[in-house]
Structure formats: structure tokens, C-alpha cells
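Welcome, and thank you for opening the viewer. Please load the structure below and keep your selection tool at hand.

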Amino acid sequence: MKKILSAVLLALLCGSGNAFAMNNAEAPNVQKLSLGYEGILAGNVLQGVSSRYWFTNNVGGELNGYFGRLGLNTSDPSLDDAHASLLMGSAKLLYAPVVKAHSRFYVGIEGGIGNVGIENNDEDVLSGNVNVYTVSPLIGSEFYFAEIPELGLNWEVGYRFQTVKWDNDSDDVDLKLDGTFVTLGAHYYF
């Protein structure tokens, strides 16, 4: 009976040590540069390239570059080649209060700036500059597979405060496009 009780106590002691280590485990990919995809799939549809870096187990950052192009189909032959394009860059600061061996839950803030161009037959249609400014508080999570720890899959939900500012010769126009967004991404850590 003493041997059985000792074996059970030893198993519990070893098991609790492993559970404690798992709660304080370092997630993979700390201080590794990554490249990947980041796409805003709900809210505004925008997709681009991304690079994420975790400075410590809890603090990280991300840089994103987006390019989108919208074509126009019309019966007017003078507008056959009309299109609008958006070039935008953003940066995120991330803090992960919950870190597990194969995941992180984080909160963050994102800021971005972009430029819109509208062209027809390779000539600018709009006079002046059209700029986009965005600030977004967010929450998210990044997951890693035990078999492929270099691959991080992430999702984020946040609220985007977005202003489109058109400065031209006669008027200045500000357009607010605030709303909830959902982002999905995948990063490979080197």
C-alpha cells in the first residue's frame, strides 16, 4: 500500500510540475523574423504582405503592406480603363498577457496611412491628394502546430477608426469609415 501511495504521489508531483511548466512555457518564435499574409476579410476587404516579430514572450510588433485595385465596367467607352487603387502601410504593437506552449492571446493597437489614386487611361482623374488614416484597437490570437512551430496562424477582431481625406484645389473633404473588422493571417518564422 505504501508503494502504491508513493507512486501516486510521485506521479501527481511530476504531473503538477509539467502543468506548471506548460502555463509558464515560452511560446515558439521569440526573436525570430517572420514573413506572411495578412488579410482584412470582414469590414473592408484588403489583403497584403506582413512581417511579425515577438521581441519578448509577451511583446511583439507587426508591419503590413496592402495594395488593392478596383476596376470599373461601364458601357461608356471613355471609361474602359478606369480604376481606383489603394496603397497602404500599417504598424501594430502587440501585448500578449496569455502565453501557452502553442498559442498566444494578445491585445494591440494598429496605426496606418495610405494613398488612393483614381486613373482613366493612365491619367489621374482626381485633382489633389486622397489619403487614408487609420487607428485600430484589437484583440487576437496566434496558434502554432507542435509539428510545424515555425508556422503561426492568427486571427484578430477590432474596431477601426478610419478617415479618408481628400485635399484638392477647391475643397477639403473628410470621410469617416469607422467599424468592426476581422483579420486572418499566416506567418512563417525564420
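This short tour goes from strands to core to rings. One thing to keep in mind along the way is that the model is predicted.

**Stop one: the strands.** Select β10, residues 179-189. Now add strand β1, residues 34-42, which runs antiparallel to β10 and is joined to it by eight bridges. To see one place where they meet, pick L35, which stands opposite Y188 in β10. Next, add strand β8, residues 151-167, which also runs antiparallel to β10, with ten bridges between them. Here, pick G152 and find H187, its bridge partner in β10.

**Stop two: the core.** Which residues touch the most other members of the largest nonpolar core? Select L46, W54 and Y106: of the 18 residues in this core, these three do. Then colour β2 (46-54), β4 (83-100), β7 (129-144) and β10 (179-189), the elements that each give two or more residues to the core. The largest share, five residues, comes from β4.

Stay with W54 a moment and show R104 too, which lies over the face of W54 at 4.3 Å from the ring centre.

**Stop three: rings.** The structure holds five aromatic pairs. For one of them, select Y159 and F161: the ring centres are 5.0 Å apart and the planes meet at 65°, so this pair is edge-to-face. Are these residues buried or exposed? Y159 has 35% relative accessibility and counts as partly exposed, and F161, at 42%, counts as partly exposed too.

Finally, select R160 and F181: the charged end of R160 sits over the ring of F181, 4.7 Å from its centre.

Technical notes:
Residues are numbered from 1 along each chain as its sequence is written. This is a predicted model: local features need pLDDT of at least 70, side-chain atom pairs count only at pLDDT 80 or more; totals for chains, interfaces and linings use all residues. Side-chain values use heavy atoms; hydrogens and water are left out. A nonpolar core is a set of buried Ala, Val, Leu, Ile, Met, Phe, Trp, Tyr and Cys residues joined through side-chain atoms within 4.5 Å. Buried means under 20% relative accessible area, exposed over 50%, partly exposed in between (1.4 Å probe, protein chains only). Helices (H or I, at least four residues) and strands (E, at least two) are DSSP runs, numbered from the N terminus. Two strands pair if DSSP finds at least two bridges between them. Rings of Phe, Tyr and Trp (its six-membered ring) pair if their centres lie within 6.5 Å; planes under 30 degrees apart count as stacked, over 60 as edge-to-face and the rest as tilted. A charge sits over a ring if NZ of Lys or CZ of Arg is within 6 Å of the ring centre and within 35 degrees of the ring normal.
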